[in-house]
Amino acid sequence: MSVWQLLQTSFVQNAFYAVTAVSLAAGVVGYFVVLRRQAFAAHAIGHIGFAGAAGAVLIGLSPVWGLLAFCLGAGLVIGFAGTDLDDRDAVVGVTLTAALGLGVLFISLYSGYANATYSILFGQILGVSVSDVWLVAALSAAVVLASSGVFRPLLFASVDGQSAAARGLSVRAMSIVFMSLLALTTVVAIQIVGVLLVFSLLVAPAASAEVLTRHPGRAVVVATLVALGSSWLGLFLAVWIGGPVSFWITGLASTLYLVARVVAALRERGRRVAA
Amino acid sequence: MRDGRVDLSGRPIWQDASFDVEGGSIAVILGPNGAGKSTLLKSVVGLVGLSGGTLEVLGDAPHRGDARVGYMAQSREADSLTSLTGRDYVGLGYDGRRFGWRRSRDKVEVVERALELTGARPFADQPLRTLSGGQRQRLALAHATVFRPQLLLLDEPLAGLDIAAQAEIVDLINLIRDTTGAAVMVVAHDLNPLAHVVDQVIWVARRQVRSGPLDEVVNETTLSALYGHPIEIIVTPRGRRVIVGLEEEFAHPHPHGTDHRHEDAHEHFAEVYDEVTR
């Protein structure tokens with residue numbers, strides 16, 4: 001089968017729709033992850049989700065429900081307790097270790113074939129079914145819609161908490177809203193790229209965007225484009241050359257970040273020479 | 001404020017605070033580190049509730065989100081964390097609390113007017129983290145004055161600035177007061193850069209609050225009574241006031257320093273002078 005015929009198979013097309021939906025949500029939420037310096041929380045939520053997935057498999061449910069329950073639960077805890085930068089790291093770390101401990105217990109109790117939990121770790125992009133695509137698309141649409149609706153207040157609370165509070169915003173409520181959006185995005189992204197590589201879509205594209213642009217709206221657009229570009233191209237390369245899709249997506253996203261840094265550095269130098 | 005009192009986690013910060021700040025006047029809030037100067041501002045803006053007494057702000061009980069009150073916090077994450085531009089930051093002062101998708105039509109105009117007033121337009125499109133301290137303070141002032149507040153609350157607007165930048169910001173505060181007629185309350189470490197524009201001094205120390213015209217508060221009798229031991233005020237030939245005798249509470253900007261008392265009077269004076277002119 002040629003690469004073009006492969007691209008027309010339903011499993012590649014489902015994967016294409018799924019990465020598109022995920023990239024859209026990850027671009028918007030990723031911008032705030034980078035802005036709020038909460039990469040550690042994004043990392044933790046993924047691993048916490050893994051414990052939830054293992055628990056769901058243990059009691060005979062689909063891993064998605066465990067992911068949803070644990071990610072959202074952890075998101076609420078971290079959002080509520082970690083409003084200021086000082087104690088956020090500690091809250092995230094403690095929540096993470098508590099969940100991972102449970103994950104170890106769940107896996108040791110589970111005697112069946114651990115394939116389901118394995119795919120949670122590394123993603124199962126080419127095994128995405130039509131119903132998965134619909135779920136992913138619906139959750140992503142909800143995340144994008146909600147994020148754009150709270151965009152200004154979330155931005156305000158993120159960049160100047162004191163003055164936002166003085167203007168009548170609840171910084172804690174915004175922190176909870178953000179963590180919930182992050183949890184939902186993580187649940188969606190894990191289906192595609194897995195726990196270990198959630199970062200590639202949540203952090204790398206937004207980090208590239210933050211290096212390249214200043215305006216918040218533009219940064220979100222750039223982050224989304226970088227996420228879309230790396231996941232589309234990654235999917236194509238995996239079909240064409242072979243190898244795991246998540247490897248290609250991660251590799252491309254990190255490479256693009258490097259490129260963004262180089263471009264920004266050159267631009268800065270050009271400006272200095274001009275001035 | 002009448003007989004105001006604030007407790008934080010069960011500990012009284014200050015009590016029996018009574019003062020008025022007139023429209024169009026500048027009140028500077030002075031006192032040692034940790035005395036509750038910022039808390040005083042926060043009580044006015046509604047971020048900290050009074051544990052006793054009464055407080056009226058522009059005819060109402062203090063409440064967060066009052067567009068007639070502008071507040072500039074001491075530290076802002078935006079300054080170092082983000083590549084946000086000054087213009088976007090000032091814009092958040094205008095519609096940052098608004099949810100939803102609607103854009104406001106007059107935002108550009110209002111933000112532009114605030115940038116104009118504070119002289120921040122030339123560098124408004126650069127990322128905040130690349131700007132100097134003085135430039136950031138101008139943008140923060142634009143952010144706080146975007147609604148032309150009747151009461152402007154500034155927490156340490158001179159902190160971390162060199163003497164020239166301090167003078168510029170003081171002139172700007174004075175200009176904002178003159179053009180908008182707002183009452184301004186400024187928390188400061190050092191009276192001297194503000195002395196020529198100040199109408200009123202509010203001194204917070206040892207859980208007490210004293211308020212009055214500059215010479216009524218910043219004199220040896222009042223301060224000695226407030227601190228419970230003799231205070232000396234030296235006026236330098238250029239008219240700067242150096243306050244001596246506050247070794248425990250005022251002279252040392254670093255409360256975690258090892259030894260708070262100095263035997264050497266000379267060194268002591270140098271420290272005090274450093275504090276007062278910083």
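**Exercise 1. Place strand S8 of chain B among its neighbours.**

Strand S3 (residues 26–30) of chain B pairs with S8(B) in the parallel sense over four bridges, where strands are DSSP runs of E with at least two residues, numbered from the N terminus, and two strands pair if DSSP finds at least two bridges between them. This is a predicted model, in which local features need pLDDT of at least 70 and side-chain atom pairs count only at pLDDT 80 or more, while totals for chains, interfaces and linings use all residues. Residues are numbered from 1 along each chain as its sequence is written, and chains are lettered from A and ligands numbered from 1 in the order in which they are written.

Within the pairing with S3(B), Ile29(B) stands opposite Ile202(B) in S8(B). Turning to strand S9 (residues 208–212) of chain B, five bridges join S8(B) to S9(B), and these two strands run antiparallel; here Val204(B) stands opposite Val209(B). The hairpin of S8(B) and S9(B) has two residues between the strands, and in it Arg206(B) takes a positive phi near 45°.

**Exercise 2. Decide whether the residues of S8(B) are buried or exposed, and which way they point.**

Start with the strand as a whole: S8(B), residues 200–205, is mostly covered, with six of its six residues buried (buried means that 20 or more other C-beta atoms, placed from the backbone, lie within 10 Å of the residue's own; exposed means 12 or fewer, and partly exposed in between). In a regular strand, side chains alternate between the two faces of the sheet. Gln200(B), Ile202(B) and Val204(B) point one way from S8(B), whereas Val201(B), Trp203(B) and Ala205(B) point the other way.

**Exercise 3. Describe how helices H3 and H5 of chain B pack.**

Helix H3 (residues 86–95) and helix H5 (residues 133–144) of chain B pack at an angle of about 25°, with their axes 7 Å apart. That makes H3(B) roughly parallel to H5(B), because angles under 35 degrees count as roughly parallel. For the contact itself (C-beta atoms, placed from the backbone, within 7 Å), H3(B) provides Gly86(B), Tyr89(B), Val90(B) and Gly93(B), and H5(B) provides Leu139(B), Ala142(B), His143(B) and Ala144(B). These residues divide into five nonpolar, three polar and no charged, where Ala, Val, Leu, Ile, Met, Phe, Trp, Tyr, Cys and Pro count as nonpolar, Asp, Glu, Lys and Arg as charged, and the others, Gly among them, as polar.

How values were computed. Axes are lines fitted to C-alpha atoms, for helices over the stretch in contact, and angles run from 0 to 180 degrees between N-to-C directions. Angles under 35 degrees count as roughly parallel, over 145 as roughly antiparallel, 65 to 115 as roughly perpendicular and the rest as oblique. Two residues are in contact if their C-beta atoms, placed from the backbone, lie within 7 Å.
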